[in-house]
Amino acid sequence: MLQAYKKTPQPSTTSKSTLLSSTTRKSQHGHTTPPKPGEELHVTFIDKEGAEHTFEASAGDNLMDIAQAEDLEMEGACGGSCACSTCHLIVESSEHYDAMPEPSDDENDMLDLAFGLTETSRLGCQVKMAKEIDGVRVRLPSMTRNMQAGDFSGGKKKEG
């Protein structure tokens with residue numbers, strides 16, 4: 001999906017370069033489906049400042065797309081292909097964590113790169129909303145590490 005960008009000049013005291021800022025509507029971020037009446041599922045994100053944001057979601061929508069659709073600060077550098085850890089989140093309750101499908105080997109490999117890894121850490125791009133996790137509460141970590149699988153080759157960091 002193409003995004004519209006608007007050039008906004010920076011104050012002349014800092015530089016003469018331009019800053020690109022997104023002018024897209026919230027509904028254009030992420031790839032979510034509005035829930036049908038009576039089929040709404042609920043997810044609460046706790047942001048880096050501790051504020052809680054509760055949203056309605058549809059079954060099958062992943063947590064990264066929901067967060068991005070609602071303009072929460074979740075990067076998703078790899079676009080949801082499970083090749084980075086920038087959509088790392090922490091599931092608040094072990095009951096909801098246990099109700100989720102087990103993480104794949106690929107997800108576990110990427111979680112090993114995540115900042116602030118916990119026993120209930122998951123990648124938002126890999127967790128799909130379902131009735132079993134309705135009401136799930138997830139915390140966004142205070143930081144993320146933007147290390148993608150392509151940054152490494154044979155255990156050695158690629159030179160760029």
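## Asp-47, the core and the cysteines

Visitor: Asp-47 is buried yet has no salt bridge; which side chain of opposite charge is nearest, and how far away is it?

Guide: This is a predicted model, in which local features need pLDDT of at least 70, side-chain atom pairs count only at pLDDT 80 or more, and totals for chains, interfaces and linings use all residues. Residues are numbered from 1 along each chain as its sequence is written, and side-chain values use heavy atoms, with hydrogens and water left out. A salt bridge requires a side-chain nitrogen of Lys or Arg within 4 Å of a carboxyl oxygen of Asp or Glu; Lys and Arg count as positive, Asp and Glu as negative, and His and the chain ends are not counted. For Asp-47, which is buried (under 20% relative accessible area, 1.4 Å probe, protein chains only), the nearest side chain of opposite charge is Arg-139, at 7.3 Å.

Visitor: With which side chain does the side chain of Asp-47 make a polar contact?

Guide: Asp-47 sits in the loop between S3 and S4, strands being DSSP runs of E with at least two residues, and helices runs of H or I with at least four, numbered from the N terminus. A polar contact is a pair of N or O atoms within 3.5 Å, where one must be able to donate a hydrogen and the other to accept it; residues adjacent in sequence count only if both atoms are side-chain atoms. The Asp-47 side chain reaches the backbone nitrogen of Glu-49 at 2.9 Å. Its side-chain partner, at 2.8 Å, is His-53.

Visitor: Which element gives the most to the largest nonpolar core?

Guide: Such a core is a set of buried Ala, Val, Leu, Ile, Met, Phe, Trp, Tyr and Cys residues joined through side-chain atoms within 4.5 Å. The largest one has 28 residues, with Val-43 and Phe-45 among those with the most contacts inside it. Strand S3 (41–46) and helix H3 (105–111) are among the elements that each supply at least two residues. The top contributor, with four residues, is H1.

Visitor: Why is Cys-82 not bonded to Cys-125?

Guide: A disulfide is a covalent bond between the sulfur atoms of two cysteines. The criterion here is a pair of cysteine sulfur atoms within 2.5 Å, and the structure holds zero disulfides. Cys-82 is buried, at a relative accessible area of 12%. Its closest cysteine sulfur, in Cys-125, is too far for a bond, because the distance is 5.2 Å.

Notes. Buried < 20%, exposed > 50% of the residue type's maximum accessible area, 1.4 Å probe, protein only.
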